[in-house]
Amino acid sequence: MGSVVSTQVEKRKTLLTQEKTLSDLKSTGVTYPGSDYHPQDRKNWMSELNPESVKINNIVWPGTHDSATNKIGIPFITRPFAQCQSLSIYNQLVSGTRVIDIRVQEDRRVCHGILLTYSMDVVIKDVKKFLSETDSEIIILEVRTEFGHDDPPEFDKYLEDQLGEYLVPQDDGVFEKTIAEVLPKRVICVWKPSKSPQPNAGSPLWSGGYLKDNWINTDLPSTKFDSNMKFLSEQQPVTSRKYFYRVENTVTPVPDNPVLCVKPVTERIHGYARLFINQCFSKGFADRLQVFSTDFIDQDFVDACVGLTHARVQGQA
């Protein structure tokens with residue numbers, strides 16, 4: 001028992017030190033080209049930036065982590081241990097989110113570990129509602145089979161049937177195209193099965209290698225911040241690669257810590273998104289940032305990404 005208490009005391013000291021490190025760094029400034037830009041209409045922010053001039057590979061895509069967890073589990077009982085978003089998929093898209101991260105199990109229900117929520121049909125319905133109300137917004141929809149589960153039967157066919165008219169076919173050439181050149185197709189759907197074959201070139205769906213990241217499982221904010229910075233620095237500039245690279249501005253509960261609810265843990269890093277972009281410029285690799293995602297997305301996080309996109313379009317970054 002004494003060793004457990006000692007370990008937790010040391011963990012708490014480490015946490016406080018890391019929080020102070022980020023807080024001190026933030027006090028030096030969080031501005032960067034485009035940081036003062038705010039879209040007039042977050043629901044249509046891509047349209048505001050002129051679809052004829054915005055290339056797919058120059059967009060900084062605001063994304064959500066474990067996107068479909070707003071109603072997961074049982075309220076006030078199991079939900080706090082798995083909920084990473086409070087908004088529905090539709091409301092996330094309206095608020096400016098453009099990358100959606102969905103995990104499914106065998107029966108097409110969305111899950112996060114052992115906890116379940118609504119079916120994939122609800123996600124599709126929300127996506128299609130948003131698309132029907134907008135004209136020029138492109139979405140990256142990532143769907144993966146949750147770890148430890150088998151793929152839903154014929155899931156690729158299901159996605160193609162449900163989203164067919166909107167799907168942007170898998171093609172390396174898409175990265176160099178403008179939004180206008182991709183339209184009227186609107187959804188880049190990345191399907192990551194656990195055992196089924198990956199989608200092939202030319203397929204309506206994109207294979208898993210087109211959306212990469214380097215996830216580390218930690219609840220320590222500076223550890224995650226520094227890891228994100230390190231892995232991003234090892235990527236090629238967005239104009240030189242044929243895949244999307246995601247940085248996740250999140251930390252998650254870990255088993256050796258008594259704080260297992262998502263929100264109080266992820267809040268340790270949530271407010272440092274603009275600092276991360278600022279530091280990307282300071283270290284000389286802001287040209288590598290592309291997909292930036294978070295738990296509990298808010299307007300400021302969206303604006304931070306859209307502002308950098310605007311600066312790139314204007315030739316300022």
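1. A good place to start is Leu-220. Apart from its neighbours within four places in sequence, Leu-220 is in contact with Lys-11, Thr-14, Leu-15, Gln-18 and Val-251. Leu-220 belongs to the loop between strand E7 (211-213) and helix H7 (221-233). One of those partners, Gln-18, is 202 residues away from Leu-220 in sequence, yet their C-alpha atoms are 7.1 Å apart in space. Leu-220 has a relative accessible area of 13%, and because buried means under 20%, Leu-220 counts as buried. Please keep in mind as you read on that this is a predicted model.

2. Next, have a look at the aromatic side chains. The structure holds 11 aromatic pairs. In one of them, the ring centres of Phe-175 and Phe-244 are 4.9 Å apart and the planes meet at 50°, so this pair is tilted. The two residues come from distant parts of the chain, 69 residues apart: Phe-175 is in the loop between helix H5 (155-163) and helix H6 (179-182), while Phe-244 is in strand E8 (residues 244-248). Both Phe-175 and Phe-244 are buried. They also belong to a wider group, since ring pairs link Trp-61, Phe-175, Trp-206, Tyr-210 and Phe-244 into a cluster.

3. Strand E8 comes up again at the enclosed space. How many cavities of 30 Å³ or more does the structure hold? The count is 1, and the largest cavity has a volume of about 70 Å³. Its lining is made up of Asp-213, Asn-214, Trp-215, Lys-224, Asn-228, Phe-231, Tyr-245, Arg-246, Val-247 and Glu-248. H7 and E8 each supply at least two residues of this lining, and E8 gives the most, with 4 residues. Sorted by class, the cavity lining has 4 nonpolar, 2 polar and 4 charged residues.

4. The open spaces deserve a visit too. The volume of the largest pocket is about 510 Å³. Which residues are closest to its centre? Of the 22 that line this pocket, they are Asp-66, Arg-103, His-112, Gly-113 and Glu-146. The pocket lining as a whole divides into 9 nonpolar, 5 polar and 8 charged residues.

5. Two lysines are worth finding for the rings beneath them. Lys-26 lies over the face of Tyr-272, at 5.3 Å from the ring centre. Lys-263 places its charged end over the ring of Phe-296, at 4.7 Å from the centre of that ring.

6. Phe-296 has a backbone feature to check as well. Its phi is near 45°, a positive value in a residue other than glycine. Phe-296 is found in the loop between strand E9 (291-294) and helix H10 (299-313). Is this residue buried or exposed? With a relative accessibility of 9%, Phe-296 counts as buried.

7. Arg-108 is another non-glycine residue with a positive phi, here about 70°. Arg-108 sits in the loop between strand E2 (99-104) and strand E3 (109-112). Its relative accessibility is 29%, so Arg-108 counts as partly exposed.

8. One last stop on the backbone is a proline. The peptide bond from Leu-183 to Pro-184 is cis, and its omega is near 10°. Pro-184 has its place in the loop between H6 and strand E6 (187-192).

Note on methods. Residues are numbered from 1 along each chain as its sequence is written. This is a predicted model: local features need pLDDT of at least 70, side-chain atom pairs count only at pLDDT 80 or more; totals for chains, interfaces and linings use all residues. Side-chain values use heavy atoms; hydrogens and water are left out. On a 1 Å grid over the protein atoms alone, a cavity is a set of points where a 1.4 Å probe fits but cannot get out, and a pocket is an open set with protein on both sides within 12 Å along at least five of seven lines; lining residues have an atom within 4 Å of a point. Grid points are joined across faces, edges and corners, and a volume is the space filled by probe spheres set on the points. Ala, Val, Leu, Ile, Met, Phe, Trp, Tyr, Cys and Pro count as nonpolar, Asp, Glu, Lys and Arg as charged, and the others, Gly among them, as polar. Buried means under 20% relative accessible area, exposed over 50%, partly exposed in between (1.4 Å probe, protein chains only). Contact means heavy atoms within 4.5 Å. Rings of Phe, Tyr and Trp (its six-membered ring) pair if their centres lie within 6.5 Å; planes under 30 degrees apart count as stacked, over 60 as edge-to-face and the rest as tilted. A charge sits over a ring if NZ of Lys or CZ of Arg is within 6 Å of the ring centre and within 35 degrees of the ring normal.
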